[in-house]
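Welcome to the tour! Keep your viewer open, and let each stop tell you what to select next.

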Amino acid sequence: MQMAKTLFSYFTIPLFLCLSSLHLVTSFPFASGQIDYNYNYNYYDRSCPRLGMIVKYGVWAAFKNDTRIAASLLRLHFHDCFVNGCDASILLDDTIDFRGEKNAFPNRNSVRGYEVIESIKADVENACSSTVSCADILTLAARESVLLSGGPYYPLSFGRRDGLTASEKAANEQLPSPIEPLENITAKFTSKGLDMKDVAVLSGAHTIGFAQCFTFKRRLFDFKGTGKPDPTLESLALTNLQGMCPNKDASNSNLAPLDYASTYRFDNAYYVNLVNSTGLLESDQALMGDPRTAALVTAYSSNSYLFSADFASSMTKLSNLGILTGSNGQIRKKCGSVN
């Protein structure tokens, strides 16, 4: 019944969203102050008017068969944008010319959803051939995943082009790690034009989805080489996680919910968990160790509307990182390979 209600609300667009979107027809101003008329909110209104519904249905169909896919598509988008921009480079298979991002350590046997984007791309190609980039499809699919999970709408511009190459090395170097210190993660964000607030806000995407045990197991048994568990992890949560992830290699790929309170619902419970010292990843709980991010965590834990508004703003910023437009890049026929 809850899923039925979620899906009903997903396909029902509130009137205030329709009205608030009417002004989104201007071109996007870049940091240089220039206007790129090849990148705007209504880019596909004439060339592919059914794009929104095709992507919406593709994400919904995938979610119906696999409720984890919403979080996976959101993560796929983040991992794409964070490595040299939102250019769908993460979707490229390895070639004789480059080793791509799929097999980089943060992505290998971890990032999911490639086949969903490829399937949606095929449907889009049938409706409007050689018109919509894989980068735009992935960006739109991420937003649909947030909406489908009960999260906020956020405005997007379109007209991205797909990149012509990918880099395993760049993905290994640029993507944040769940065991990195907060200062390192923040430095990676600021190198992209994001800030510490974006770190705290975008970490809230962990309100949905799962993590493999190997990403946090050291917190449970040998935190920073001490031979003991992470002292910041609440005792009952520690016991439960040790049951899910016993101290043996065979448990490395076991899954634990990033937000045990509402695993499939996009809400602010993730921040409540952090306040209660039950965050799953070391990098998540570290947000409570810095007074600047701790203040944001506390605010979001008590105000879901504030979190939703700030998440929407940060996701719009993320979706504009390092994009290719106009004559740069290409529109791939298939997302896994350049034309």
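Is V297 buried or exposed? Select V297 and see: its relative accessibility is 0%, so V297 counts as buried. Before you go on, please remember that you are looking at a predicted model.

**Stop 1: around V297**

Stay with V297 and colour helix 14, residues 291-302, since that is the helix in which V297 sits. Now show the side chains of Y271, L274, V275, L287 and M288. V297 touches these five residues, leaving aside residues up to four places away in sequence. Next, add G204 to your selection. Along the chain G204 and V297 are 93 residues apart, yet their C-alpha atoms are separated by 9.2 Å.

**Stop 2: the loop after helix 14**

Move along to N303, in the loop between helix 14 and helix 15 (304-319). The relative accessibility of N303 is 31%, so N303 counts as partly exposed. Keep Y271 on screen as well, and draw a distance line from C-alpha to C-alpha. N303 and Y271 lie 10.0 Å apart in space, with a separation of 32 residues in sequence.

**Stop 3: two helices that cross**

Hide the side chains and pick out helix 5 (residues 114-127) together with helix 6 (residues 134-148). At what angle do helix 5 and helix 6 pack? The angle is about 115 degrees, and the axes are 10 Å apart. Turn the view until you can see one helix in front of the other: the crossing of helix 5 and helix 6 is right-handed.

To see where the helices touch, show these side chains:

- From helix 5, select I117, I120, K121 and V124.
- From helix 6, select C134, I137, L138 and A141, which meet those helix 5 residues.

Colour this contact between helix 5 and helix 6 by class, and you will find seven nonpolar residues, no polar ones and one charged one.

**Stop 4: two residues in one loop**

Go back to the loop between helix 4 (69-82) and helix 5, and select A88. Phi of A88 is near 60 degrees, which is a positive value in a residue other than glycine. A88 is buried, as its relative accessible area is 0%.

Now select N109, which is also found in the loop between helix 4 and helix 5. Here too phi is positive in a residue other than glycine, with a value near 55 degrees for N109. Is N109 buried or exposed? With a relative accessibility of 71%, N109 counts as exposed.

**Stop 5: a space inside**

How many cavities of 30 Å³ or more does the count come to? The count comes to one. The largest cavity holds about 40 Å³ of space. To find the spot, select its lining: F63, T67, R68, A70, A71, S149, I208, G209, T263 and Y264. Coloured by class, the lining of the largest cavity shows five nonpolar residues, four polar and one charged.

**Last stop: the whole chain**

Zoom out and switch to a cartoon view. The chain has 15 helices and four strands. Of its 339 residues, 53% are buried. Finally, think about contacts between residues at least 6 apart in sequence: 72% of them join residues at least 24 apart. You can go back to V297 for an example of a buried residue, and to N109 for an exposed one.

Notes:
Residues are numbered from 1 along each chain as its sequence is written. This is a predicted model: local features need pLDDT of at least 70, side-chain atom pairs count only at pLDDT 80 or more; totals for chains, interfaces and linings use all residues. Side-chain values use heavy atoms; hydrogens and water are left out. Axes are lines fitted to C-alpha atoms, for helices over the stretch in contact, and angles run from 0 to 180 degrees between N-to-C directions. A crossing is left-handed if the near helix is turned anticlockwise from the far one by less than a right angle, and right-handed if clockwise. Contact means heavy atoms within 4.5 Å. Ala, Val, Leu, Ile, Met, Phe, Trp, Tyr, Cys and Pro count as nonpolar, Asp, Glu, Lys and Arg as charged, and the others, Gly among them, as polar. On a 1 Å grid over the protein atoms alone, a cavity is a set of points where a 1.4 Å probe fits but cannot get out, and a pocket is an open set with protein on both sides within 12 Å along at least five of seven lines; lining residues have an atom within 4 Å of a point. Grid points are joined across faces, edges and corners, and a volume is the space filled by probe spheres set on the points. Buried means under 20% relative accessible area, exposed over 50%, partly exposed in between (1.4 Å probe, protein chains only).
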